[in-house]
Amino acid sequence: MVDPANTVGLPVNPTPLLKDELDIVIPTIRNLDFLEMWRPFLQPYHLIIVQDGDPTKKIHVPEGYDYELYNRNDINRVLGPKASCISFKDSACRCFGYMVSKKKYIFTIDDDCFVAKDPSGKAVNALEQHIKNLLCPSTPLFFNTLYDPYREGADFVRGYPFSLREGVTTAVSHGLWLNIPDYDAPTQLVKPKERNTRYVDAVMTIPKGTLFPMCGMNLAFDRDLIGPAMYFGLMGDGQPIGRYDDMWAGWCIKVICDHLGLGVKTGLPYIYHSKASNPFVNLKKEYKGIFWQEEIIPFFQNAKLSKEATTVQQCYIELSKMVKEKLSSLDPYFDKLADAMVTWIEAWDELNPTAAAAANGKA
């Protein structure tokens, strides 16, 4: 059995890394009392809160936090007709926060994620570890058996090519969870009491050509490098599928990172996932995705982007065309999703014109 860390009495970090270069994005339908526990680590940063569900509901944010809050009315106001690409009644709404941020880095966390403890009992500053992951290179072209060779106490092992030791720029840092694992509904049903108590002190690069199941509840990324591809799809209200929002984004970003020569890391940091969602509700949301993923994953494994696609936007538009061509026969939903991917890029570029001009070679 593991418990969350007790952060009462810990001082607010006086020297937060990248304080003016990072936004924290939180999707929610409830009061954000969990931020009290995170105060020592997160209070110095700016929050973007994306309120899902009833826009008239008042969301309480603990005093001392600097934040902006957007509800569905705000999303409609900002995006107009293009707001259709932002999911409703699903945590996929968080990607609106990615779009309106003006910072280089994003850390996103769910409101049921508490501060974890390392094996010594020390509270884990998850954001600080994500930043460290993002600021040092990745090694997707050759696997290092001592995991991340850039961490203190590690290095490249014998036989690792010297020509590859410079690594590549890291675009994504994917963290893990103690207590409630991120299981699908069938696994939840057969293992209702299973808890993750293993704290593995390791960070590794996901190799080039390998997909992974990305979880959005403890995730950081370089918005400038991969932000336009961090679209969590059409999920939730009015859609035939849910709980695949972060999976979809993860498959897309991995194909694009591999194509553009960027790295994706997974492992540390851990958060404490406090509660399990209802497996029967989850099964209703997931059941089509459980069947569809057996065809979706081979689609992404075989997706080849053209050499003309040199920016994230160009890569993403190419992917959207492939989705329409290859997956629409699976279900009409994918035709709609492909259109939403294009709408997402158009909306992103409208809100980020300078970056869009650079991506299109007009800066």
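**A pocket, a covered strand and two cavities**

Helix 4 makes the biggest contribution to the lining of the second largest pocket, with three residues. The model looked at here is a predicted one, and this pocket is a handy place to start. It holds about 430 Å³ of space. Its lining runs to 18 residues, and those nearest the centre are Lys122, Ala123, Val124, Asn125 and Glu128. Helix 4 isn't on its own here: helix 1 (35-42) and strand 9 (263-273) also supply at least two residues each. Sorted by class, the lining of this pocket comes out as nine nonpolar, six charged and three polar residues.

Strand 9, one of the contributors to that pocket, is worth following further. Out of its 11 residues, 11 are buried, so the strand counts as mostly covered. Several other strands pair with strand 9. Strand 6 (170-179) runs parallel to strand 9 and is joined to it by nine bridges; one of these partnerships sets Thr170 against Gly263. Strand 7, made up of residues 203-205, runs antiparallel to strand 9, with three bridges between the two. Here Met204 stands opposite Thr266. Strand 5, residues 113-114, is antiparallel to strand 9 as well, and two bridges do the joining. In that pairing, Phe114 faces Tyr272 of strand 9.

Next comes the stretch of chain between helix 4 (126-135) and strand 6, a loop in which Asn144 is found. Arg158 belongs to the loop between helix 4 and strand 6 too. How do these two residues sit, buried or exposed? Asn144 has a relative accessible area of 2%, and because anything under 20% counts as buried, Asn144 falls in that group. Arg158 has a relative accessible area of 84%; the cut-off for exposed is over 50%, so Arg158 is exposed.

What does Asn144 touch, once its neighbours within four places in sequence are left aside? Its contacts are Pro149, Asp155, Phe156, Val157 and Tyr160. Lys58, by comparison, is a long way off: the C-alpha atoms of Asn144 and Lys58 are 49 Å apart, with 86 residues separating the two in sequence. As for Arg158, an unreviewed UniProt entry lists it under "glycosylation site".

Finally, there are the enclosed spaces. How many cavities of 30 Å³ or more turn up in the whole structure? The search finds two. The largest cavity has about 50 Å³ of space, and its lining is made of Met235, Ile241, Tyr244, Trp248, Ile296, Tyr333, Phe334 and Leu337. Helix 10 (residues 333-351) gives the largest share of that lining, namely three residues. By class, the lining has eight nonpolar residues, with no polar and no charged ones.

The second largest cavity contains about 40 Å³. Around it are Asn13, Pro16, Leu17, Phe41, Tyr45, Asn125, Glu128 and Ile131. In this lining, five residues are nonpolar, two are polar and one is charged. Two of the names have come up before: Asn125 and Glu128 line this cavity, and they are also among the residues that lie nearest the centre of the second largest pocket.

How values were computed. Residues numbered from 1 in each chain as written. Predicted model: local features only at pLDDT ≥ 70, side-chain atom pairs only at ≥ 80, totals over all residues. Heavy atoms only, no water. Helix = DSSP H or I, 4+ residues; strand = E, 2+ residues; numbered from the N terminus. Buried < 20%, exposed > 50% of the residue type's maximum accessible area, 1.4 Å probe, protein only. Contact = heavy atoms within 4.5 Å. 1 Å grid on protein atoms, 1.4 Å probe; cavity = no way out; pocket = protein on both sides within 12 Å on 5 of 7 lines; lining within 4 Å. Points joined across faces, edges and corners; volume = space filled by probe spheres on them. Nonpolar A, V, L, I, M, F, W, Y, C, P; charged D, E, K, R; others polar. UniProt positions renumbered as here; feature names shortened; annotations may be inferred. Pairing = 2+ DSSP bridges.
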